[in-house]
Amino acid sequence: MLANKRILLIIGGGIAAFKSLDLIRRLREQGACVTPVLTKAAEEFVTPLSASALAAQKVYRDLFDLTDEAEMGHIELSRAADLVVVAPATADLMAKMAQGHANDLASTLLMATDKRVLIAPAMNVRMWEHAATQRNLAILQGDGISVVGPDEGDMACGEFGPGRMSEVPEIVAAVGAALGGGPLQGKHVLVTSGPTHEPIDPVRYIANRSSGAQGTALAAALRDLGARVTFITGPASVPPPAGVGVVRVETAAEMAAAVDTAVASADAAVFAAAVADWRVENASGSKMKKDGSGNAPALEFAENPDILATVAQRTAGRPRLVVGFAAETDDVVANATAKRARKGCDWIVANDVSPETGIMGGSENRVVLISQDAAEEWPRLPKGEVARRLAQRIAEALAD
Ligand code: CTP
């Protein structure tokens with residue numbers, strides 16, 4: 001299943017590191033080539049020699065070694081893999097990843113890689129449930145990092161609860177899914193995301209507060225289920241996930257053109273972008289200057305094409321499933337239900353973006369999934385979890 005796949009396995013310093021030795025064996029049994037990296041703390045739990053013997057590979061350690069650097073630089077090491085796996089991912093490693101630290105070999109590789117990253121967290125239950133760890137988890141999921149586990153059960157520290165690293169077969173399955181082979185394998189899904197910028201002149205524009213976090217998390221979740229994802233993004237404040245086809249656009253018109261090019265081959269299309277409803281019709285080709293009169297320039301607006309409605313109402317080349325989002329501040333379900341019918345899409349994911357909810361630009365979302373015959377209210381969840389549930393539903397719909 002993993003024949004010739006190259007996996008960079010970063011082993012963190014936790015008691016679960018002993019399971020990582022077995023993980024090396026099981027990944028190799030599936031045909032993968034595993035290059036282990038041990039953090040300094042990991043060496044307290046497993047020896048470099050055992051990791052090296054099981055991997056039949058050189059082990060990279062958290063020592064600054066000029067010989068290593070001459071043989072294979074850390075940038076190259078981070079990119080030579082098909083997938084980077086962190087197991088166990090300790091609370092400390094997760095915090096470093098979320099904050100972008102690069103002060104040892106493991107964290108530097110994680111910053112430098114352009115490949116997908118899968119983490120298998122393992123820590124004491126209180127540490128897992130701590131607000132800081134949950135915050136970091138939401139950040140990592142928003143960054144498109146895949147997560148397997150942790151499981152619930154008796155822990156080495158004597159406590160009980162979530163925090164135990166997933167069992168090895170489960171991690172191997174997650175590696176398989178991350179490298180393709182999930183329920184969306186062979187399916188093409190298009191996702192729009194982020195705000196659009198509508199120019200006023202070469203230096204000014206009209207925009208909205210969308211961060212692109214929900215669309216980004218959704219693209220990552222669809223990818224994790226094996227989909228080929230075309231990710232058409234406006235100027236978002238979060239980076240696009242690795243392992244998806246990224247098309248960067250700025251304006252609604254550019255987004256409409258990019259969607260038009262990609263949509264015909266899509267099995268599903270999800271419109272998570274916060275597209276500007278209007279563009280400035282009298283935008284200036286050169287910077288507008290004050291003329292000293294105290295009069296402000298009058299902007300004239302023209303309505304942008306409705307990208308979602310255009311695709312939903314296609315008679316030829318319509319994806320089987322067309323999903324819109326509805327950002328509402330009042331009468332969320334009623335407005336979104338009417339919007340679904342008006343635009344002609346199959347589902348609408350409605351959310352309340354009133355300022356007091358903190359949803360727009362925040363890390364959590366509370367959505368209602370509206371289809372032709374139901375309005376399903378989901379609890380308030382991290383955007384990564386909303387994305388995973390939605391991706392799962394999309395997989396089920398396309399399997400029918
Ligand atoms: N959308 C789109 N193209 C547009 C406007 C919106 O594709 N020009 C999509 C969004 O990506 C989203 C859905 O339409 O999936 C709903 O967008 P929203 O802004 O909530 O609705 P509007 O159509 O703008 O309706 P209203 O202004 O009445 O809320």
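A polar contact is a pair of N or O atoms within 3.5 Å; inside a protein, one of them must be able to donate a hydrogen and the other to accept it. Keep that cut-off at hand for the exercises below, which use a predicted model.

**Exercise 1. Which residue's side chain makes a polar contact with the side chain of Thr196, and at what distance?**

Step 1. Start by locating Thr196: this residue sits in the loop that links β9 (188-193) to β10 (198-201).

Step 2. Look for a side-chain partner. The side chain of Glu198 is in polar contact with that of Thr196, at 2.9 Å.

Step 3. Now try the backbone. The Thr196 side chain also reaches the backbone nitrogen of Ala276, at 3.0 Å.

**Exercise 2. Is Thr196 buried or exposed?**

Step 1. Recall the cut-off: a residue is buried under 20% relative accessible area.

Step 2. Apply it. Thr196 has 0% relative accessibility, and therefore counts as buried.

Step 3. See what surrounds this residue. Leaving out residues up to four places away in sequence, Thr196 touches a list that includes Ile206, Pro235, Glu250, Met255 and Val275. Ala276, whose backbone nitrogen appeared above, is also one of the residues touched.

**Exercise 3. Which strands are joined to β9 by bridges, and how many bridges are there to each?**

Step 1. Take β12 (residues 228-233). Six bridges connect this strand to β9, and the two run parallel. As an example of the pairing, His188 has Arg228 as its bridge partner in β12.

Step 2. Take β14 (residues 268-271). Here four bridges join the strand to β9, again in a parallel arrangement. Thr192 stands opposite Phe271 of β14.

Step 3. Check how covered β9 is. Six of its six residues are buried. His188, Leu190 and Thr192 point one way, while Val189, Val191 and Ser193 point the other way, and all are buried.

**Exercise 4. Why can the protein chain be called as compact as a globular protein of its length?**

Step 1. Count the elements: the protein chain holds 14 helices and 22 strands.

Step 2. Compare the radius of gyration with the globule rule. The chain has 23 Å, close to the 21 Å that the rule gives for 400 residues, so it is as compact as a globular protein of that length.

Step 3. Add the extents: the C-alpha trace spans about 75 × 55 × 40 Å along its principal axes.

Step 4. Finish with burial and contacts. Of the 400 residues, 51% are buried. Among contacts with a separation of 6 or more, 66% come from residues 24 or more positions apart.

Note on methods:
Residues are numbered from 1 along each chain as its sequence is written. This is a predicted model: local features need pLDDT of at least 70, side-chain atom pairs count only at pLDDT 80 or more; totals for chains, interfaces and linings use all residues. Side-chain values use heavy atoms; hydrogens and water are left out. Buried means under 20% relative accessible area, exposed over 50%, partly exposed in between (1.4 Å probe, protein chains only). Contact means heavy atoms within 4.5 Å. Two strands pair if DSSP finds at least two bridges between them. The radius of gyration is taken over C-alpha atoms; the globule rule is 2.2 Å times the number of residues to the power 0.38.
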